[in-house]
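Please open the structure in your viewer and keep the selection tool at hand, since this tour moves from one selection to the next and says what is found at each stop.

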Amino acid sequence: KDDLGDCTLLGWISNGTYQSLDSNFIGSVGRSYTITIHLSNGKTYISKPEIISAVAPIDSVTVVYDSTYITDVRPTQLIISVNTHDPPGIQNFYRWASFGYIPRYSYGSYCCSFCEQLLADNQINILSDQFIDGHEIVQPVFYSPIYWFGIHYIEIKQYSVTKDVYLFWQSYLDQTNRTGTTLDPLPAPLIGNIYNAADSNDFALGYFETLDVYTKKVVIKLYFLQEYWLESIAGQYIKQGYCHDAYPNTLDNNAIPAGWENAEVIELH
């Protein structure tokens with residue numbers, strides 16, 4: 001529901017995913033929103049109002065080749081960063097989410113050795129402009145591993161979040177990044193903004209966010225790779241069989257993912 005009294009029902013799409021049943025109900029910058037959740041046990045949970053604040057646009061995307069990042073999980077990688085100008089005189093908080101389709105290769109299949117694998121960044125990536133108000137922001141948002149030759153298709157979403165959302169995710173990061181030493185901060189409960197309508201001290205785990213988003217898609221073409229060198233670095237990650245079967249979440253037969261037809265092309269030499 002918004003602060004004007006307009007509301008929409010959310011229909012079940014899949015486990016944990018609900019979507020508005022009214023295509024005309026669209027979030028607007030400056031409006032505040034709440035959610036009401038009715039459980040089968042008779043309990044009702046409601047959220048505190050969240051305002052959608054405007055997000056700054058992404059000015060450009062920078063790609064840097066990182067040859068030092070070689071582990072037992074992935075080979076060398078591309079560090080992909082956004083460049084944006086923070087609006088001056090306004091307290092802003094940001095969150096980023098990114099994913100990409102990256103080229104993969106498999107041995108032993110002449111017809112189906114190449115494919116694109118979907119790779120999502122599930123890390124919480126947030127920033128406050130407390131010390132950089134009005135300045136340029138250069139923020140790493142995605143790390144794309146180089147398993148083989150081919151094009152990297154990357155989508156970046158830059159969100160504006162409220163101060164309360166930022167503090168919630170910052171507390172989450174403090175909890176999950178604890179190392180078990182005496183220098184760690186004391187654990188504290190993660191308090192969200194969704195609570196029992198009959199008991200305001202009974203909080204649900206999680207947070208109801210309202211976000212403005214700026215989306216940027218880029219196509220990254222690499223022109224400096226050599227096969228003998230690439231295979232010596234990434235060879236341990238190459239599997240046998242059909243590419244689509246060897247790796248999860250891949251597109252068939254080296255298909256180009258939909259949606260990148262008009263995306264910016266970045267060449268890396």
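## A tour by selection

Begin with Phe-149, which is partly exposed, with a relative accessible area of 30%. Before going further, keep in mind that this is a predicted model. Add Trp-148 to the selection: at 4% relative accessibility, Trp-148 counts as buried, because the limit for that word is under 20%. The structure holds 18 aromatic pairs, and one of them joins Trp-148 to Phe-149 in an edge-to-face arrangement, with 5.3 Å from centre to centre and 80° between the planes. If you now extend the selection to Tyr-105, Tyr-107 and Phe-114, you will have a cluster in which ring pairs link these three residues with Trp-148 and Phe-149.

Two further rings are worth selecting for the charged residues that accompany them. Select Tyr-147 together with Arg-104, and you will find that Arg-104 lies over the face of Tyr-147, at 3.6 Å from the ring centre. Then select Trp-260 with Lys-217, where Lys-217 lies over the face of the Trp-260 ring, at 4.4 Å from its centre.

**The whole chain**

Now zoom out and colour the protein chain by secondary structure, which comes to three helices and 19 strands. The C-alpha atoms of the chain fill a box of roughly 65 × 45 × 45 Å when this is taken along the principal axes. Of the 269 residues in the protein chain, 39% are buried. Among the contacts in the chain with a separation of 6 or more, 71% come from residues 24 or more positions apart.

**Strands and sheets**

Near the start of the chain, select residues 10-14 and 17-20, which are strands β1 and β2; they run antiparallel and are joined by four bridges. Within this pair, Gly-11 stands opposite Gln-19 in β2. The hairpin of β1 and β2 has two residues between the strands, and Gly-16 takes a positive phi near 85° there.

Next, select the open sheet of four strands, whose order is β4-β5-β14-β15 and whose pairing is antiparallel. Its edges are β4 (36-38) and β15 (199-203), and each has a single partner strand, so one side of each is left without a neighbour in the sheet. On average, neighbouring strands of this sheet are turned by 35° against each other, direction ignored. To look at one pairing in detail, select β4 with β5 (residues 44-47), which pair in the antiparallel sense over three bridges, and note that Tyr-45 in β5 is the bridge partner of Ile-37.

Another open sheet has three strands in the order β7-β8-β12, again with antiparallel pairing. Which strands stand at its edges? They are β7 (60-66) and β12 (136-145), each with a single partner strand, so one side of each has no neighbour in the sheet. The twist averages 25° from one strand to the next. Nine bridges join β8 (residues 77-85) to β12, the two strands running antiparallel, and Ile-79 stands opposite Tyr-143 in β12.

**The nonpolar cores**

In soluble globular proteins, nonpolar side chains tend to be buried together. To see this structure's largest nonpolar core, which has 34 residues, select Val-61, Val-63, Leu-78, Ile-80, Ile-156 and Ile-220, the members that touch the most others. Strand β9 (residues 93-107) gives the most to this core, with four residues. A second, separate core has nine residues, and these include Phe-93, Ile-126, Trp-169 and Leu-173. Returning to Val-61 and leaving aside residues up to four places away in sequence, you will find that it touches several residues, among them Ile-80, Ile-156, Val-218 and Ile-266.

**A buried glutamine and an exposed asparagine**

For the last stop, select Gln-117, which has its place in strand β10 (residues 114-120). Is Gln-117 buried or exposed? With a relative accessible area of 11%, Gln-117 is buried, because that value is under 20%. Not counting residues up to four places away in sequence, Gln-117 touches residues including Tyr-101, Arg-104, Tyr-247 and Asn-249. Follow the contact to Asn-249, whose place is in the loop between α3 (243-246) and β18 (250-251). At 55% relative accessibility, Asn-249 counts as exposed, and its phi is near 55°, a positive value in a residue other than glycine. Finally, select Glu-267 with Gln-117: the two are 150 residues apart along the chain, and their C-alpha atoms are separated by 20 Å.

Conventions: Residues are numbered from 1 along each chain as its sequence is written. This is a predicted model: local features need pLDDT of at least 70, side-chain atom pairs count only at pLDDT 80 or more; totals for chains, interfaces and linings use all residues. Side-chain values use heavy atoms; hydrogens and water are left out. Rings of Phe, Tyr and Trp (its six-membered ring) pair if their centres lie within 6.5 Å; planes under 30 degrees apart count as stacked, over 60 as edge-to-face and the rest as tilted. Buried means under 20% relative accessible area, exposed over 50%, partly exposed in between (1.4 Å probe, protein chains only). A charge sits over a ring if NZ of Lys or CZ of Arg is within 6 Å of the ring centre and within 35 degrees of the ring normal. Two strands pair if DSSP finds at least two bridges between them. Axes are lines fitted to C-alpha atoms, for helices over the stretch in contact, and angles run from 0 to 180 degrees between N-to-C directions. A nonpolar core is a set of buried Ala, Val, Leu, Ile, Met, Phe, Trp, Tyr and Cys residues joined through side-chain atoms within 4.5 Å. Contact means heavy atoms within 4.5 Å.
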